[in-house]
Amino acid sequence: MGPVRMLLPLLRATARLAPGPGVPLLGAALLHCAVPGWALLHPPPPARRSAWAQEAVALYRPEAEQTRPEQRHLDALSRALVVHAHTLVPAERYAEAGTVVDAALSVPGARMSPALTACALHARAQALVFGGRAEEAQEPARECVRLYRGSPPPARRDRSLGALPVALRTQGLAFAVVGRTAESVAVYLECAALLRAVSVRQLSRFLRLWAQVLVELSGGLRALGRYEEALALEPEAKDAVYGMIARFYPELVLPLRVRLLTNLAYCHSVTGSPAAARTLAEEAVSEARELADQPELLAEALRCLALVLDELAAYEEQLTTLTELAGLYTRLAADRPEAFEPLLADTLDDLARCHRRGGDHLKAVADTERAVAVYRRVGRHEDQLARILANLSIRQQSADDAGSAVSSAREAVALTRRLAESDSETHGPLTARRLRVLAQALGLAGDHTAAVAHYEEAEAVLRELIGIPGVDAELAVTLSALAVALDTEVQDRLAAGRPDGAVAALRSLFDLTRRTDARDVHARCVIAFAQARAERPDDIDVVRAWERVVGEPYPTFVYRRTDTRGRGAKPAAR
């Protein structure tokens, strides 16, 4: 307990017995106790600090509300209200903090310095950001920064209430919460530059802020894909979260440490250092297990570890990690479904992928069905629901459940088509991809004609999107799959004694070779024509059917010609 706090009972008695000198002394002592002092002195609990500030407000209010109050009483009340608002934010009483700020700024006749006004606006911005109203926080955060930039440094007694680096951190956080990541990173970089420039003595006032800024900056750089810049912060940021402040504020530094380690693990993974990423991710998980009251940090660390283990092909360990993560997200989603149910669904999908890789197709289907159920319950994220349904169809195919696979794929196609109506560039290629999944399911179900029709539809969709990045590769995959499906249809029609149907499929395959130079498609065509003729040498119904339907001799050889005309040269047949 500090000496000023020890004197509070005596000062309260003095204020009762001699209000003239006693009230100002008690008020100054209460505000001194309410505002944290040196950074390395552990502050009292937020509730106690708020109670002291509120007591100071009650002490100054009668003097300020007299008919003709003295200026010093008005100024003292406005400052006490600012301090009170400042203490309500860490106490998570955000609505009250906003109300108190309004009262501070509206004390009639009070003379508030620019720095004190900035403190009030900073309290409002923080209350709005942490209270889930980050959009509304943009204006007070901007105005707070502007006031600090244009005014002299705060008076000694107001330094603990705020300063330009503190205001910049709040503005950067407000930008980050609403998704304005580039602006957030720019602000954090400015804040970091300011803190690097201060003396060691001054930096001691900002040790907590320094750690927060570096961790949040690393996260912003990662989100922007600026991985090398984030990794460049690693030595400095580790020193901030493992240094002196960790001994004084373990409850504050430990969450920051977990976030930093997770950010760095992601960055090392992306930049080709999976072993370093695994070490950092495992350390993040170990540290996060100590934060029983913040399970979402453990979830993020486990998610990062699972990603790294997948990259390292450590599939058994990945399965164990994902199983734990799915259970954790299930518990978190029970209290905050809007935040954690989509993450639960994605984790179940990853878990299903692990089961399928290990050959346990029934477990893979069961986990994917749970993921689908979660997204249906959420009622949003149609794009993600379509993706999971397509994955469900693929896993049902692996489990030899063709009927269910067709049903799941049809729903995935219908959802993606609807999304493509408003954004064809994003969802058009996905529509083609899911049409392929449906075609594959139909082929497994024995409906080869429908399978071919859906592959052809996928081709038509992609040809309308030529020029969009990635479409050429999707088209090549689709044409290869179409060639295989047509070959299968030929064999199916011949086995059913329907040579005319086989001829129709052969003609479609032959026509396909005129639309692509892909070697595998042309090879498939050669094989299909040769096998159709050689299937039953004593029965040449397919040859006669070809000559009757096409009016030309049955091709004895189909090949792809490559000459100096390059891409687009016409393939020939004989």
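This passage walks through the overall form of a predicted protein model, then one of its pockets, and then a handful of individual residues.

Start with the whole chain. The predicted model covers 574 residues, and its secondary structure comes to 28 helices and two strands. The radius of gyration is 34 Å, whereas a compact globule of 574 residues would come in near 25 Å. The box that holds the C-alpha atoms tells a similar story, at roughly 125 × 40 × 40 Å along the principal axes. For a feel of distances inside that box, take Pro21 and Arg515: these two sit 494 residues apart along the chain, and their C-alpha atoms are separated by 96 Å. Pro21 itself belongs to helix α2, which runs over residues 19–34, and with a relative accessible area of 51% it is exposed, because the cut-off for that class is over 50%.

As for packing, 49% of the 574 residues count as buried. Among contacts with a separation of 6 or more, 59% join residues that are 24 or more positions apart. The protein exposes about 27,300 Å² in total, and carbon and sulfur atoms supply 54% of that area.

Next comes the second largest pocket. Rolling a probe the size of a water molecule over the atoms shows where empty space is left. The second largest pocket has a volume of about 360 Å³. Its lining is made up of 19 residues, and those nearest the centre are Arg303, Leu307, Leu322, Asp346 and Asp350. Four helices each bring at least two residues to this lining: α17 (295–311), α18 (315–335), α19 (337–357) and α21 (382–398). The biggest share comes from α19, with eight residues. Sorted by class, the lining has nine nonpolar and eight charged residues, plus two polar ones.

One of the helices behind that pocket, α17, also holds Leu302. At just 1% relative accessibility, Leu302 is buried, because anything under 20% falls in that class. Beyond residues up to four places away in sequence, Leu302 touches Val285, Arg289, Thr321, Glu324, Leu325 and Leu328. Trp210 lies further off: it is 92 residues from Leu302 along the chain, with 26 Å between the two C-alpha atoms.

What about the loop that follows α17? Ala313 is found there, between α17 and α18. Most residues other than glycine have a negative phi. Ala313, though not a glycine, has a positive phi of about 60°. With a relative accessible area of 42%, Ala313 is partly exposed. Another positive phi turns up at Glu92, where the value is near 65° and the residue is again not a glycine. Glu92 is placed in the loop between α4 (71–88) and α5 (94–105), and at 59% relative accessibility it counts as exposed.

Helix α8, covering residues 164–177, offers two sequence neighbours to look at, beginning with Arg169. Is this arginine buried or exposed? Its relative accessibility is 11%, so Arg169 counts as buried. Setting aside neighbours within four places in sequence, the contacts of Arg169 are Phe130, Tyr188, Cys191, Leu209, Gln212, Val213 and Glu216. Thr170 is in helix α8 too, and with a relative accessible area of 4% it is likewise buried. Which residues does Thr170 touch, once those up to four places away in sequence are left out? The list is His122, Ala125 and Gln126. Cys144, which is 26 residues from Thr170 along the chain, has its C-alpha atom 9.7 Å from that of Thr170.

Finally, Asn263 sits in helix α15, which spans residues 250–270. At 9% relative accessibility, this asparagine counts as buried. Leaving aside neighbours within four places in sequence, Asn263 is in contact with Val215, Ser218, Gly219 and Arg222.

Conventions. Residues are numbered from 1 along each chain as its sequence is written. This is a predicted model: local features need pLDDT of at least 70, side-chain atom pairs count only at pLDDT 80 or more; totals for chains, interfaces and linings use all residues. Side-chain values use heavy atoms; hydrogens and water are left out. On a 1 Å grid over the protein atoms alone, a cavity is a set of points where a 1.4 Å probe fits but cannot get out, and a pocket is an open set with protein on both sides within 12 Å along at least five of seven lines; lining residues have an atom within 4 Å of a point. Grid points are joined across faces, edges and corners, and a volume is the space filled by probe spheres set on the points. Ala, Val, Leu, Ile, Met, Phe, Trp, Tyr, Cys and Pro count as nonpolar, Asp, Glu, Lys and Arg as charged, and the others, Gly among them, as polar. Buried means under 20% relative accessible area, exposed over 50%, partly exposed in between (1.4 Å probe, protein chains only). Contact means heavy atoms within 4.5 Å. The radius of gyration is taken over C-alpha atoms; the globule rule is 2.2 Å times the number of residues to the power 0.38. Accessible areas come from the Shrake-Rupley method with a 1.4 Å probe; for residues, only the protein chains shown count as cover.
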